[in-house]
Amino acid sequence: MKNTLMLTFLLVLLSLSYRVEAQFILKNSAIPLGNDCYQLTPDEKSTTGQIWNEKKLDLEKDFTIEATINLGAKNSGADGITFILQSSCLFEGSGAGGIGVSGIKPSFIVEFDTFRNSSQGDPPDESGKDHIAMFRNGVIKHNSFYHLNNDVGSIRTVVVDDMENGEDIPVRFTWIALDKSLGIYYMDSLILRYKVNMFNDIFGDETLVYWGFTAGTGGSSNKQSVCITSFPRDEALVDNNTCSLSIENFREKSIDIFPNPVRNILHVNFKSEIITPSLELFDLNGKQIKVVNNMLLNNNISLNSLASGTYFIKIRNQQRVIINKILKL
Ligand SMILES: [Ca+2]
């Protein structure tokens, strides 16, 4: 009886921790840091990272999402972070000036941009200043059709003091459904507000959208991360048709990763054919250690040369990504 109770307790614990880990879909360079924090890009050139919550927001209801963004500590770095509402959890955008979001449509985007791309009409960056603006449909060009109007002032591009200060900067996104307005708060001040009928202007008749954060680096880079401090967890707020099912299937049913902890050889076995999976291994700082492309059904990955410690293993194909923590002995 005691054993049964203990087993039940362990199963509940396992399912709880699984739920927490499974809340966000991670793409490209994104890795989890724990406590709803994610590194979006390492301090390396030409990377992107995206995280999508696996459940949709319902734009017919109010919501608030609070986070802290950290854009790195190099003022000469790049490129920034975006907050985005969009319609597919499979999407990813291009890097550099595209900030991991370029090309995603339909979408509503707030950029926290730390690099002046003059080809995109970015404002001057004297004294390390950076800027914040709202765009639609994956085109982040200032003074274009895609650059959204600010409902709380005539300035559409807000220039702010250096965001690449290594600090966690608080941001907040508050949607008021009745008003059809989304307020953008930066360090607790309302700096931008989008107030047009988002349903029709951007998403047509669709009122359920995915939300998340993206980042990119190009010729310059920064370590960029986000911690989501508050977001709608109430089931009533979100659609239940989620991406999670496919990810769960990929994770639970079609792949074996063992042993863990591992001393030398890590076995990664797919139970059925999966189209062009690849494997990446990262250290805790998000540095990519190893890449295996064109994996076979059964793969023996040698970890002989690695130092002891914790690593992330990320396996993906075009639709799905799984991330596992591996302990190297
Ligand atoms: Ca700067």
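**Exercise 1. Work out how S12 and S13 pair, and find the residue facing Tyr185.**

S12 and S13 pair in the antiparallel sense, with five bridges between them. Here two strands count as paired if DSSP finds at least two bridges between them; the strands themselves are DSSP runs (E, at least two residues), numbered from the N terminus. Next, look across from Tyr185: Leu190 in S13 stands opposite. Finally, follow the chain round the hairpin of S12 and S13, where two residues lie between the strands and Met187 takes a positive phi near 50°.

Before moving on, note that this is a predicted model, where local features need pLDDT of at least 70, side-chain atom pairs count only at pLDDT 80 or more, and totals for chains, interfaces and linings use all residues. Residues are numbered from 1 along each chain as its sequence is written.

**Exercise 2. Trace the partners of S11.**

Start with S12 (residues 181–186): six bridges pair this strand with S11 in the antiparallel sense. Phe173 faces Ile184 of S12. Four residues separate S11 and S12 in their hairpin, and Lys180 in the turn has a positive phi of about 50°. Now turn to S6 (residues 63–70), which runs antiparallel to S11 (residues 169–176) and is joined to it by seven bridges. Within this pair, Glu66 has Arg172 in S11 as its bridge partner.

**Exercise 3. Place these strands in the whole sheet and explain its edges.**

Read the order of the seven strands: S2-S3-S15-S6-S11-S12-S13, an open sheet with antiparallel pairing. S2 (31–34) and S13 (189–194) each have a single partner strand, so one side of each lacks a neighbour in the sheet.
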